[in-house]
Structure formats: structure tokens, C-alpha cells
Amino acid sequence: MKLFDVYPINNITITRAKGSYLWDDKGQQYLDMYGGHAVISIGHTHPHFVSRITQQLNQVAFYSNSVRIPIQQELADKLGKISGKEDYQLFLCNSGAEANENAMKLASFHTGRKKIVAFTKSFHGRTSLAVAATDNPSIQAPVNQTENVVFLPFNDESALENYFSAKGSEVAAVIIEGIQGVGGINLATSGFLQKIRSLCSAYQSVFIADSVQCGYGRSGLFFSHDHAGVQADIYSMAKGMGNGFPVAGILIAPFLKPKHGLLGTTFGGNHLACAAALAVLEVMEEEKLMQNALSTGEFLMKRLEKIEGLENVRGKGLMIGFDATGELKDLRKNLLNNKQVFTGESKPHTIRLLPSLAIRIKEVEEFLEALEEEIQQMMITPKLVNPV
Ligand code: PLP
């Protein structure tokens, strides 16, 4: 049987990983500045992560949500404390798209309304409503297209105000990433997030903070929306939550009331997933990884800003982007092939850095050295080929 060929892949087979490093089947070492798409939060194969999951696996891996699963409450307690949202409620599921799908459904159930406001360059996942709220028609099947979702310009307060004045009473939810990831590391301004908060409150619409990529400590605060000093009504989480174990969830404000059967999933909140998620939070706390994300991210950004050739260095914490154009357009590919460094991309020319929150300064230095060498090489090579 063939695999359904939907991923453009690099010809690399990873067989081992530790901290911020990966090794392939030939023993070649790679530096991971990508975290497998912002997923690796506490570092690959962290010993506490491995032992907590192993211990759980030997006790019970799964039973359905038809019985009490005390480790879910343990996770909710820890999550409430670390995120500062102890009065919120937790619903567990399996992926970022599923988290956003449930967030938007819940908003619609609660308000009895149909309209979802999303923004240009947004990415919220590939399930039907999540992809409908994603600003990329090429990944929406005809069946996903709906007039219930409206896209407004990102960071445009007056466009948002005008829309609410006209249609506010029909809006079930506004969904926004605090820092757009797939869209190219675009930061929502504090003013824009505050405007969303005030309009959602005024019109009784639900404010959904998609924190699948920018959340879980990556920005240096637990949710990137926290930098603006606003409280959303629902926060969606996935990626970093399980350090690679598939686990996701939504944090739900107290005014949104549950009812049996309202939401559900077979795998969500299983014992193993909760053990993985707890291990992540325990390590984040023990090793002060949010503080590390903030300080190491600042260090990295300051150094990137000084590198000639890189444009528009931007981001927060360890969610950083810059543009590489012209003679540097193949920089990302070259970093992987020539320097064995994994980075992320956002088309057409943004390089995204999403390393583990546990990355150390010496690993960042190693990255910067590789980056500077590669850039220098790329800047001289054309001159050698075409001497004046
Ligand atoms: N939301 C954001 C902001 C994302 O970046 C992603 C994935 O990249 C998703 C949602 C979808 O998450 P998943 O791929 O786990 O469904």
C-alpha cells in the first residue's frame, strides 16, 4: 500500500532525538530550530516526559470518557495554575483543528448565532469549520465554503468596528491567533486584541484566542494574548501541550456552561495524553521554561537584527520570523542541507524559528554561527560565478 502523498518531504530519516538535537539513520546530527512545527516544547525525549509516559503506559493507557479519569483533573488543576486561568474549564481533545472546531461550535451553541469573524492570513486548522476560518481557499474543499465566516483585515481596528456596527448581533465568535504562525509571524497589536475584547463584550460574542502555535509559553507568557492584558473567552491549545504526544484542548470561561453531550471525543483526555501533558507542565515549571523563552528569544532576536541580509526580524519569545529574499531566497534549504539546521518557513520568503522552549544560549550561538556562515557563502558565491 502506498502512503497518500500529501507532504513535500525532505529526504531525511530521523532515528534519534535529544533536547534540541536530532540524528538521522546515518548518524548525522541536526540542530532543531523548528521543533517539528512548534511542537517540541520541553526538548526531545526529556527524561521526565519519557518516564511519566512509560509509568502511565504500564498502569493504563486508555479508557473512554465513560469512567472517572482523575489524571484529567490533575492536569486541569496544574494548567489552571500555570496559565493563571483557574476559574476556566478544560475540555480535552486531540489536535489543534479539533480544539478550534469545538471552540467555534461552543460559541455558536452559546450565542445561537452563525457568523464567525476571522482575519486575513489566519490559519486555524483543516477540519470543516476550522478550515473555513482559515484564509487559504486552496485548502478549502467546496463543502467547506460557507458564508458564515467573514475575513476582515488583520490589525485593522476600524474595519472591525464597522463590521460590528453593521452585523455585531449576528457574530457568534471572533477567532484570532495572538501571533500568526503559518501566516508568517505577524503579531496582533495590543490595541487590536483590546478592541476585539471590548466589541465581543459589547455584542455578547465569544472571543476565541487560537493559541495552538503561539500559546503554551512560547511567547514568554503562557498565552501570547496575555501580552495585551486581555482575557479571551476560549483559548485553544495543542502543539506544545504534549511535546509530540497528540493532545489538545480548550480553556473555557466560566459563563460558558456545559451540558452532557454538548461536546465529545473518543480519544480526548485519555490517560496517556494527560500523563504527557502533565509531564510537559511539570518540566516547564521546574526548568522555568517560559522565562527561558522570553530571555533566550530576546537574545536571539537582537542578534538576528544585526545580521546583514535578513529583513523584518519579528516575533516574541521563541516564535521568531525574518524574511530572506533575493540572493538569500534559498537560505532555509541551504541551512538544512549545508549546515544541518532545521527551520520552518512561511511562503513566500519568511523563515520561522520555533525551537524548544528549553533551548540554551550555546545552541542559539551555534545556530547564529551557522546562519552567518551560510549567508556569507551565499552572498559571495554569485560574485564568484559572475566576476565583474
Ligand atoms: N491553529 C494554528 C494557529 C496552527 O498553527 C495550527 C497548525 O499549524 C492549527 C490551528 C491546527 O493544528 P493541528 O494541525 O494540530 O490540527
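Colleague: Why is α4 described as largely enclosed by the rest of the structure?

Modeller: In this predicted model, twelve of the 16 residues of α4 are buried, so the helix is largely enclosed. The buried set includes Gly96, Ala97, Glu98, Ala99 and Asn100, as well as Leu106, Ala107 and His110.

Colleague: What makes Glu98 a buried residue?

Modeller: The threshold for burial is 20 or more other C-beta atoms within 10 Å. Glu98, which lies in helix α4, has 22 other C-beta atoms within 10 Å and is therefore buried.

Colleague: Which residues does Glu98 touch, once those up to four places away in sequence are set aside?

Modeller: Its contacts are Cys93, Thr127 and Ala248. By contrast, Leu368 is 270 residues from Glu98 in sequence, and their C-alpha atoms are 36 Å apart in space.

Colleague: How do you know that the span of α4 agrees with its number of residues?

Modeller: The expected span is 1.5 Å times one less than the number of residues. For the 16 residues of α4 this gives 22 Å, and the end C-alpha atoms are 23 Å apart, which agrees. After the helix comes Gly112, with a positive phi near 70 degrees.

Colleague: Which helix supplies the largest share of the shell around the ligand?

Modeller: That share, three residues, comes from α4, residues 96-111. Of the 14 residues around the ligand, those that come nearest are Gly96, Ala97, Gly125, Val212 and Gln213. By class, the shell holds five nonpolar, seven polar and two charged residues.

Colleague: How do you know which residues belong to domain 1 and which to domain 2?

Modeller: The domain assignment of the chain places 14-39 and 288-385 in domain 1, and 47-286 in domain 2. The centres of the two domains, taken over C-alpha atoms, are separated by 27 Å.

Colleague: How many residues of each domain are in contact with the other?

Modeller: The count is 20 residues of domain 1 against 22 residues of domain 2. On the side of domain 1 that touches domain 2, the elements that each supply at least two residues are α1 (35-38), α9 (289-305), β13 (311-316), β14 (319-323) and β17 (350-353). Helix α9 gives the most, with five residues. The residues of this side divide into ten nonpolar, seven polar and three charged.

Colleague: What makes β14 and β17 a strand pair?

Modeller: A pair requires at least two bridges. Four bridges join β14 to β17, and the two strands run antiparallel, so the criterion is met. One of the partnerships sets Phe322 opposite Ile351 in β17.

Colleague: Which strand forms a hairpin with β17?

Modeller: The hairpin partner is β16, with three residues between the two strands. Strand β16, residues 344-346, pairs with β17 in the antiparallel sense over three bridges. Ser346 has Thr350 as its bridge partner in β17. Within β17, Thr350 and Arg352 point one way, Ile351 and Leu353 point the other way, and all are buried.

Colleague: Why are β1 and β15 called edge strands?

Modeller: The sheet is open and of mixed pairing, with four strands in the order β1-β2-β3-β15. Strands β1 (14-18) and β15 (341-342) each pair on one side only, and they are the edge strands. Four bridges join β1 to β2, residues 21-24, and these strands run antiparallel. Ala17 stands opposite Leu22 in β2.

Note on methods: Residues are numbered from 1 along each chain as its sequence is written. This is a predicted model: local features need pLDDT of at least 70, side-chain atom pairs count only at pLDDT 80 or more; totals for chains, interfaces and linings use all residues. A residue is near a molecule or strand if its C-beta atom, placed from the backbone, lies within 6 Å of it. Ala, Val, Leu, Ile, Met, Phe, Trp, Tyr, Cys and Pro count as nonpolar, Asp, Glu, Lys and Arg as charged, and the others, Gly among them, as polar. Two residues are in contact if their C-beta atoms, placed from the backbone, lie within 7 Å. Domain bounds come from an automatic or database domain assignment.
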